[in-house]
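Subject: Structure for your files

Hello,

Here is the structure I said I would pass on. My notes on it follow below.

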Amino acid sequence: ARIFSALVGSSSRARKGTSFKPVERIIRKAEEVCNNRQNNDSLDTKLTIADGGLSSAEGLIYAVRDESEDSKKDGEPLWEGVIDKRLFVVEEELANVLKMTQREGNTLSPVLRRAWDGGMLAPMTKNNKLKATGSHINLLAHITHFELKLMLNKAEMHNGLANRFLWACVRRPKKVPFPQKMDDSRVYQIAIKLSAVMK
């Protein structure tokens with residue numbers, strides 16, 4: 001599945017930003033288990049977790065790009081392709097992304113929709129023949145209630161971008177002054193289960 005999810009909560013109170021850190025530990029451990037099982041440590045099969053910065057369609061496609069079809073004078077491609085096309089974007093400022101989609105000429109919204117659908121990503125630009133095939137992009141975004149009401153315009157509500165997101169209202173149930181780190185053995189147990197479905 002390709003999942004776009006948005007955590008909607010109050011700033012500083014919902015703990016949206018810190019919620020991903022324990023999950024990232026589990027993901028990384030599951031990958032380690034998976035690679036050890038398949039004995040493919042020599043291959044670059046590490047999931048790319050991008051820390052936000054979604055601003056253009058070209059930037060997103062470049063992260064999962066194919067090798068350039070054009071060559072330099074020495075015969076080498078203009079850019080190398082990405083081996084592992086899995087990309088997990090953690091965008092803590094979804095409001096900025098929505099703002100970018102409203103700019104004239106910005107193609108981020110249609111490319112995000114196509115990425116969710118699983119199609120080939122190839123913007124029709126005159127000089128930049130950038131494309132990505134077989135990519136697997138997931139997105140976890142954060143936004144406050146106020147920003148969501150302000151920035152999500154009617155176009156994005158009706159063009160299919162908004163309905164590709166799983167919207168979750170998040171609240172912090174209590175304050176823990178000194179949270180305890182999850183035990184390594186517990187992380188490993190969950191990672192074993194996750195690794196069974198990763199590849």
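**Salt bridges**

Arg 164 and Asp 117 form a salt bridge, with the closest N and O atoms 3.0 Å apart. Arg 164 sits in the loop between α6 (154–158) and β5 (165–169), while Asp 117 belongs to helix α4 (residues 108–117), so the pair ties together parts that are 47 residues apart in sequence. Arg 164 counts as buried, at 16% relative accessibility, and Asp 117 is partly exposed, with a relative accessible area of 44%. Please keep in mind that this is a predicted model.

Searching the whole structure gives eight salt bridges. In one of them, the side chains of Arg 25 and Asp 184 meet at 2.7 Å, N to O. That pair links distant parts of the chain, since Arg 25 is in helix α1 and Asp 184 in helix α7, 159 residues apart. Arg 25 is partly exposed, at a relative accessible area of 26%, whereas Asp 184 is exposed, at 55%.

Another salt bridge stays inside a single helix: Arg 28 pairs with Glu 31, their closest N and O atoms being 3.0 Å apart, and both residues lie in helix α1, three residues apart, or about one turn of the helix. An α-helix has 3.6 residues a turn, so residues three or four places apart point the same way. Is Glu 31 buried or exposed? Glu 31 counts as buried, because its relative accessibility is 5% and the cut-off for buried is under 20%. Arg 28 is partly exposed, with a relative accessible area of 25%. The two residues also belong to a network of salt bridges that links Arg 28, Glu 31, Asp 84 and Arg 86.

**The sheet**

In what order do the strands of the open sheet run? The five strands follow the order β2-β3-β4-β1-β5, with parallel pairing. β2 (48–50) and β5 are at the edges, each with a single partner strand, so one side of each has no neighbour in the sheet. Ignoring direction, neighbouring strands of this sheet are turned by 15 degrees against each other on average.

Strand β4 (residues 136–143) has seven of its eight residues buried, so β4 is largely enclosed by the rest of the structure. Strand β3 (residues 86–91) pairs with β4 in the parallel sense over six bridges, and in this pairing Val 90 stands opposite Leu 140 of β4. Strand β1 (residues 4–8) pairs with β4, also in the parallel sense, over five bridges; the bridge partner of Val 8 in β4 is Ile 143. β1 and β5 run parallel and are joined by five bridges, and Ser 5 has Leu 166 as its bridge partner in β5. Helix α3 packs on the sheet and touches β1, β3, β4 and β5, its direction making about 110 degrees with that of β4.

**Nonpolar cores**

In soluble globular proteins, nonpolar side chains tend to be buried together. Here the largest nonpolar core has 32 residues, and those touching the most other members are Leu 54, Leu 60, Leu 94, Leu 112 and Phe 165. At least two residues of this core come from each of β1, α2 (57–63), β3, α3 (94–101), α4, β4 and α5 (145–151).

What does Phe 165 touch, leaving aside its neighbours within four places in sequence? Phe 165 is in contact with Phe 4, Ser 5, Ala 6, Leu 94, Leu 139 and Ala 141. Apart from the largest core lies another, of nine residues, among them Leu 7, Phe 20, Ile 27 and Val 170.

**Helix α7**

Helix α7 (residues 184–198) contains 15 residues and reaches 20 Å from its first C-alpha to its last, close to the 21 Å expected at 1.5 Å a residue. Its buried residues are Val 187, Ala 191 and Ser 195, and these pack against α1 (20–38). The salt bridge between Arg 25 and Asp 184 also joins these helices, with Arg 25 in α1 and Asp 184 in α7.

Regards

Terms used. Residues are numbered from 1 along each chain as its sequence is written. This is a predicted model: local features need pLDDT of at least 70, side-chain atom pairs count only at pLDDT 80 or more; totals for chains, interfaces and linings use all residues. Side-chain values use heavy atoms; hydrogens and water are left out. Helices (H or I, at least four residues) and strands (E, at least two) are DSSP runs, numbered from the N terminus. The expected span of a helix is 1.5 Å times one less than its number of residues. Buried means under 20% relative accessible area, exposed over 50%, partly exposed in between (1.4 Å probe, protein chains only). Contact means heavy atoms within 4.5 Å. A salt bridge is a side-chain nitrogen of Lys or Arg within 4 Å of a carboxyl oxygen of Asp or Glu. Two strands pair if DSSP finds at least two bridges between them. A nonpolar core is a set of buried Ala, Val, Leu, Ile, Met, Phe, Trp, Tyr and Cys residues joined through side-chain atoms within 4.5 Å. Axes are lines fitted to C-alpha atoms, for helices over the stretch in contact, and angles run from 0 to 180 degrees between N-to-C directions.
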